[in-house]
Amino acid sequence: MQTARPFRVLGIQQIAIGGADKAPLRKLWVDLLGLTPHGTYRSERENVDEDIVTAGAGPFKVEVDLMQPVDPEKKPRVHETPLNHVGLWVDDLPTAVQWLESQGLRFAPGGIRKGAAGHDICFVHPKGSEQFPYGGEGVLIELVQAPKEVIAAFETLAAAGH
């Protein structure tokens, strides 16, 4: 017999993305997508050298760990961790797609369309190409048009100085 769940999932706290080299990950997540550098973490024991970047503010802040192994021959192999996709709220999806594509970011076929939850979505291709040299660095990224209430919540937070 299943009882009521004694907890609630409130949102994304963190996603961790591994690569053989953090530089391409940083190009994508900081330079192209605009996340904010927050700090670094290095652990020989955990075989990880990571840049910590964030999106959002206050209770909406999400940490994105950009990881590379200290030694690619040792375990854990933080650069080989699979990840299906990461969904990101976007305040103006058509403008974002146009700008990112002009910066060389490759999108998966299908363009902007309705997603399973009814929001407009599109996907950043996991790999770059000759024409579009930047991709998701092995990660499929879903860009999701934020509904008005989500945009308003982020605007309220920003107006409050968070």
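## Helix α1 and its ends

Just after α1, Gly34 takes a positive phi of about 85°. The model is predicted, and this glycine is a handy place to start reading it.

The start of α1 has a polar contact. There, a side-chain oxygen of Asp21 comes to within 3.0 Å of the backbone nitrogen of Ala23. Along the helix, the buried residues are Lys22, Leu25, Leu28, Trp29, Val30 and Leu32.

## The nonpolar core

Helix α1 also matters for the count of core residues. The largest nonpolar core has 24 residues. Those with the most contacts inside it are Ile17, Trp29, Val64, Leu105, Phe107, Ile141 and Leu143. Several elements each supply at least two residues of this core: β1 (14-18), α1 (22-32), β4 (62-68), β5, α2 (93-102), β7 and β8. The largest share, five residues, comes from α1.

Take Leu105 as an example. Setting aside neighbours within four places in sequence, Leu105 touches Leu28 and Leu32, both of which are buried residues of α1. Its other contacts under that condition are Leu100, Val124, Phe132, Tyr134 and Gly135.

## The open sheet

Which strands form the open sheet, and in what order? There are four, running β5-β8-β7-β6, and the pairing is mixed. At the edges sit β5 (85-90) and β6 (113-114), each of which pairs on one side only. Strands of a sheet pair through backbone hydrogen bonds, either parallel or antiparallel.

Strand β7 (residues 120-124) runs antiparallel to β8 (residues 140-145), and four bridges join the two. Two positions show the register. Cys122 stands opposite Leu143 in β8. Phe123 stands opposite Glu142 in β8. Strand β7 is mostly covered, with four of its five residues buried.

## The hairpin of β6 and β7

On its other pairing, β7 meets β6. These two strands pair in the antiparallel sense over two bridges. Lys114 has Asp120, in β7, as its bridge partner.

Five residues lie between the strands of this hairpin. Gly118 takes a positive phi there, near 90°.

## The loop between β7 and β8

His125 lies in the loop between β7 and β8. What does the side chain of His125 reach? It reaches the backbone nitrogen of Lys127, at 2.9 Å.

His125 also has contacts further along the chain. Leaving aside neighbours within four places in sequence, they are Arg106, Phe107, Ala108, Gly135, Gly136 and Val139. Of these, Phe107 is one of the residues with the most contacts inside the largest nonpolar core.

## Helix α3

Helix α3 has twelve residues. From its first C-alpha to its last it reaches 16 Å, close to the 16 Å expected at 1.5 Å a residue. After α3 comes Gly161, whose phi is positive, near 85°.

Ala153 lies in this helix, which covers residues 148-159. Is Ala153 buried, partly exposed or exposed? Its relative accessibility is 26%, so Ala153 counts as partly exposed; the range for that class runs from 20% to 50%. Ala153 and Phe60 are 93 residues apart in sequence, yet their C-alpha atoms are 9.1 Å apart in space.

Conventions:
Residues are numbered from 1 along each chain as its sequence is written. This is a predicted model: local features need pLDDT of at least 70, side-chain atom pairs count only at pLDDT 80 or more; totals for chains, interfaces and linings use all residues. Side-chain values use heavy atoms; hydrogens and water are left out. Two strands pair if DSSP finds at least two bridges between them. Buried means under 20% relative accessible area, exposed over 50%, partly exposed in between (1.4 Å probe, protein chains only). A nonpolar core is a set of buried Ala, Val, Leu, Ile, Met, Phe, Trp, Tyr and Cys residues joined through side-chain atoms within 4.5 Å. Contact means heavy atoms within 4.5 Å. A polar contact is a pair of N or O atoms within 3.5 Å; within protein, one must be able to donate a hydrogen and the other to accept it, and residues adjacent in sequence count only if both atoms are side-chain atoms. The expected span of a helix is 1.5 Å times one less than its number of residues.
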